[in-house]
Amino acid sequence: MVLYEIETMNSVLNAITDPVLIIDKDFTILFANAASLDLCGVGREGIVGRNCHDISRRCPLPCVLSGNCPHQEVFTTGRPSRIKQTLRCSEGAARTFDVSVSPVQDAEGRVVQMMEVIKDITEEENTAEALKSALLDLQETDAALQQSESLMTAVLESVGEGLIIVDPDHRIISANRAYCKLVKSKAENILGKHCYEVSHHRNEPCGKAGEACEPARAYRAGAPSPVVSTQYDGAGKPVYIETRSFPVKDRSGAVTAVIETLNNITE
């Protein structure tokens, strides 16, 4: 009966696709399933009876000396343990494994052996490292973009002339301090609004009212467009403005935005 149970247990352990080892207090391997033999590239006689540290690390000294071995913890506390280890395979390549260790107790509850289940997580680790590297690259790129954006904002704010960036729908997507001062309005009351709403107090583009529209001309021609126009400040007073519109093009040459500079020449 006992022999039958042992043979059944061996069959169960050999059916497990992850390597399984049973090790005693002296670091001696008492049992190795078929997956362990495949991993080590040896026959059963080449692993059973040898020390686990000699097999896994080609080292004559126990891994507990390096602090990366659950052996002592399991035999001392009687509790399961789990660690991540880099081990040498039969071809000599280093691979990363998730090692789960459980105590094996005798009839009196004493830990006499431990069972290791070794799962190869090399690919997962490599993927995680690749994702981590990609994330660091993105963070560095984001930091560079933020730095570039901060520099661009500082440059725009240092320009004495009013400056806005207008999208194809005539909406203001950026406005510097000088422009806000020119129209006597805060940036939060300007951004997202149409340029003709803010500068001319109109509900439709200037072109529909028969007046020149510098951004529209720059979009069509793809070239700078200078003009002098009458605009109105936040109080509704007329202001004479010299305006220049400069197209912003993408790599294909398409105009994606227009930079408009405004210089008050009322005086």
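**Surface and overall make-up**

I began with the exposed surface, which comes to about 16000 Å² for the protein. Carbon and sulfur atoms supply 54% of that area. I note here that the model is a predicted one. I then looked up burial and found that 35% of the 267 residues count as buried. For secondary structure I have eight helices and ten strands. I also checked contacts between residues at least 6 apart in sequence, and 38% of these join residues at least 24 apart.

**Cysteines**

I searched the whole structure for disulfides and the result was zero. I looked at the burial of two cysteines as well. Cys180 has a relative accessible area of 13% and is buried. Cys195 is also buried, at 8%.

**Salt bridges**

How many salt bridges does the structure hold? I count three.

I took the pair Arg82 and Asp98 to begin with. Their closest N and O atoms are 2.7 Å apart, and they form a salt bridge. Arg82 sits in strand β3 (residues 81-88) and Asp98 in strand β4 (residues 94-105), so this pair ties together parts that are 16 residues apart in sequence. Are the two partners buried or exposed? Arg82 counts as exposed, with 61% relative accessibility. Asp98 counts as buried, with 12%. I record the reason for the second label: 12% falls under the 20% cut-off for buried.

I went on to Arg110. The side chain of Arg110 meets that of Asp106 in a salt bridge, at 3.0 Å from N to O. Glu108 and Arg110 also meet through their side chains in a salt bridge, here at 3.1 Å from N to O. I therefore enter Asp106, Glu108 and Arg110 as linked in a network of salt bridges. On accessibility, Asp106 counts as partly exposed at 24%. Glu108 is exposed, with a relative accessible area of 63%.

**Thr96**

I placed Thr96 in strand β4. Thr96 has a relative accessible area of 15% and is buried. Which residues does Thr96 contact, leaving aside neighbours within four places in sequence? I list Lys84, Gln85 and Thr86, then Lys119, Asp120, Ile121 and Thr122, and also Glu125. Since strand β3 spans residues 81-88, I place Lys84, Gln85 and Thr86 of this list in β3.

**Asp167**

I looked up Asp167 last. Where does Asp167 lie? I find Asp167 in the loop between β6 (162-166) and β7 (172-175). Asp167 is buried, yet I find no salt bridge for this residue. The nearest side chain of opposite charge is that of Arg171, 5.4 Å away. A salt bridge needs the nitrogen within 4 Å of the carboxyl oxygen, so Arg171 at 5.4 Å does not qualify.

What does the side chain of Asp167 reach at 2.8 Å? I find the backbone nitrogen of Arg171 there. My entry for this pair thus holds two values: 5.4 Å to the side chain of Arg171, and 2.8 Å to the backbone nitrogen of Arg171. Not counting residues up to four places away in sequence, Asp167 touches Ile173 and Tyr219. Of these I place Ile173 in β7, which covers 172-175.

Key
Residues are numbered from 1 along each chain as its sequence is written. This is a predicted model: local features need pLDDT of at least 70, side-chain atom pairs count only at pLDDT 80 or more; totals for chains, interfaces and linings use all residues. Side-chain values use heavy atoms; hydrogens and water are left out. Helices (H or I, at least four residues) and strands (E, at least two) are DSSP runs, numbered from the N terminus. Buried means under 20% relative accessible area, exposed over 50%, partly exposed in between (1.4 Å probe, protein chains only). Lys and Arg count as positive and Asp and Glu as negative; His and the chain ends are not counted. A polar contact is a pair of N or O atoms within 3.5 Å; within protein, one must be able to donate a hydrogen and the other to accept it, and residues adjacent in sequence count only if both atoms are side-chain atoms. Contact means heavy atoms within 4.5 Å. A disulfide is a pair of cysteine sulfur atoms within 2.5 Å. Accessible areas come from the Shrake-Rupley method with a 1.4 Å probe; for residues, only the protein chains shown count as cover.
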